[in-house]
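Hi everyone, thanks for making time for this. I'd like to walk you through one model today, so let me put it up on the screen.

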Amino acid sequence: MILLKSSKEIDKIRASCRIVRETLDLLKTKIRTGISTKELNTIGEEFIYSKNAKPAFKGYMGYPAGVCTSINDEIVHGIASDRKLRETDIISLDVGVLLDGYFGDAARTFAVTNNVSQEAKRLMEVTQESLKLAVAAAKTGNRLYDISYAVQSCVEGAGYSVVRQFVGHGIGASLHEDPQIPNFGKPHTGIQLKPGMVLAIEPMVNVGGYEIEILDDGWTAITKDGSLSAHFEHTVYISEKRVEILT
Ligand code: MF3
Ligand code: CO
């Protein structure tokens with residue numbers, strides 16, 4: 001069941017998403033060679049608490065951190081640790097916020113320095129572009145899998161793979177609501193997109209194959225073939241006239 005949001009609810013989701021965006025903007029300025037993922041996590045959590053909000057992922061199904069920190073072949077749900085960033089690493093940061101009963105969710109992948117590989121740079125560009133196309137497809141009159149197809153066609157056209165075991169989602173008074181939004185699918189199929197829907201669209205893209213493995217920590221998803229992976233996510237609101245990126 002897809003919950004359509006009232007304008008009052010949208011205002012609350014917007015406020016939550018603003019903190020998500022500000023947290024990612026802040027973390028971006030902190031990324032450098034030698035900083036640990038734990039330090040980044042602490043900076044993110046403290047910023048969120050300073051806004052009288054909560055890091056939404058912390059404690060969610062037992063997840064222990066406030067910010068998901070996933071390096072190189074780690075796709076999503078990496079757990080902050082004493083691991084330090086290296087100059088050739090890329091790192092995906094995924095942030096969720098709960099404020100006044102409503103959630104916001106977004107992710108971005110960053111290069112630690114300009115010395116990352118050309119492949120890493122291209123991967124980040126393609127993944128970001130796939131999100132941009134997916135957001136543009138998320139409009140009233142289109143269908144759900146138009147979003148999925150927008151991601152898949154962009155990513156596979158570039159020679160990369162979309163992760164199949166994780167999906168985007170509706171979001172609102174719960175972090176994960178219907179519908180599930182796969183990053184692959186047939187255009188012109190799926191439910192009709194309607195004004196009032198709020199969606200977290202989140203392509204995860206691998207340089208190699210789409211197969212994944214989960215580490216023994218029970219959370220960290222990595223590429224099975226060890227290839228690099230990137231993740232970009234926005235929470236968006238479908239209004240009558242346009243799609244608004246809230247994060
Ligand atoms: N953006 C991811 C999602 O929507 C992050 C979830 S992390 C978790 O599933 F810890 F909350 F699972
Ligand atoms: Co999400």
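I'll go from the overall fold to the metal site, then the ligand, and finish with some backbone details.

Please keep in mind throughout that this is a predicted model. The chain has four helices and 15 strands. Its C-alpha trace spans about 45 × 45 × 30 Å along the principal axes. How does the radius of gyration fit a compact globule? For 247 residues, such a globule would have a value near 18 Å, and the chain has 17 Å, so the two agree. As for burial, 53% of the 247 residues are buried.

Now to the metal, which I suspect is what most of you want to see. Which residues coordinate the cobalt ion, ligand 2? They are D105 through OD, H169 through NE2, and E202 and E233 through OE, at 2.1 to 2.2 Å. Along the chain, these donors follow the spacing D-x63-H-x32-E-x30-E. D105 sits in strand β5, residues 102-111, and H169 sits in strand β7, residues 168-170, so this pair ties together parts that are 64 residues apart in sequence.

Let's talk about geometry, since somebody will ask. For reference, six ideal octahedral donors would give angles of 90 or 180 degrees. Here, why is the arrangement around the cobalt ion called irregular? There are six donor atoms around ligand 2, and the angles they subtend run from 68 to 170°, which makes the arrangement irregular. The cut-off behind that label asks that opposite octahedral donors be over 155 degrees apart and all others between 65 and 115.

Are D105 and H169 buried or exposed? The cut-off for buried is under 20% relative accessible area. D105 has 2% relative accessibility, so it counts as buried. H169, at 4%, counts as buried too.

Next comes ligand 1. The residues around it are F57, Y60, Y63, C68, H77, D94, D105, H169, H176, E202, W219 and E233. You'll recognise some names there: D105, H169, E202 and E233 also coordinate the cobalt ion.

Some polar contacts are worth pointing at on the screen. An N or O atom in the side chain of H169 is 2.8 Å from an oxygen atom of ligand 1. D105 has a polar side-chain atom 3.1 Å from an oxygen atom of ligand 1. With E233, the partner is a nitrogen atom of ligand 1, and a polar side-chain atom of E233 lies 3.1 Å from it. How much of ligand 1 does the protein bury? Taken alone, ligand 1 exposes 330 Å², and the protein buries 94% of that.

On to the backbone, for those of you who like to check torsions. D178 and P179 are joined by a cis peptide bond, with omega about 0°. P179 is placed in strand β8, residues 177-181.

Then there are positive phi values outside glycine. N52 is one of these, with phi of about 60°. Where is N52? It lies in the loop between α2, residues 37-50, and β1, residues 54-55. N52 has 69% relative accessibility, so it counts as exposed. D100 also has a positive phi, near 50°. D100 lies in the loop between β4, residues 90-99, and β5, and it is exposed, with a relative accessible area of 55%.

Let me end with loops and contacts further along. N72 is in the loop between β2, residues 67-71, and β3, residues 74-76. With a relative accessible area of 14%, N72 is buried. How far is N72 from G226 in space? Their C-alpha atoms are separated by 8.7 Å, although the two residues are 154 apart along the chain. G226 itself lies in the loop between β12, residues 221-223, and β13, residues 229-231. G226 is partly exposed, with a relative accessible area of 44%. From G226 to I90, the C-alpha distance is 14 Å, with their positions 136 residues apart in sequence.

One last residue: N206, in strand β10, residues 204-206. N206 has 0% relative accessibility and counts as buried. A polar atom of the N206 side chain lies 2.9 Å from the backbone oxygen of G209.

That's my tour, and I'm happy to take questions.

Technical notes. Residues numbered from 1 in each chain as written. Chains lettered and ligands numbered in written order. Predicted model: local features only at pLDDT ≥ 70, side-chain atom pairs only at ≥ 80, totals over all residues. Heavy atoms only, no water. Donors = N, O, S within 2.8 Å, 3.2 Å for Na, K, Ca; no water. Tetrahedral: all angles 85-135°; square planar, octahedral: opposite > 155°, others 65-115°. Helix = DSSP H or I, 4+ residues; strand = E, 2+ residues; numbered from the N terminus. Buried < 20%, exposed > 50% of the residue type's maximum accessible area, 1.4 Å probe, protein only. Near = heavy atom within 4 Å. Polar contact = N/O pair within 3.5 Å; in protein donor to acceptor, adjacent residues only side chain to side chain. Areas by Shrake-Rupley, 256 points an atom, 1.4 Å probe, with all protein chains shown as cover. Rg over C-alpha atoms; globule rule 2.2 N^0.38 Å.
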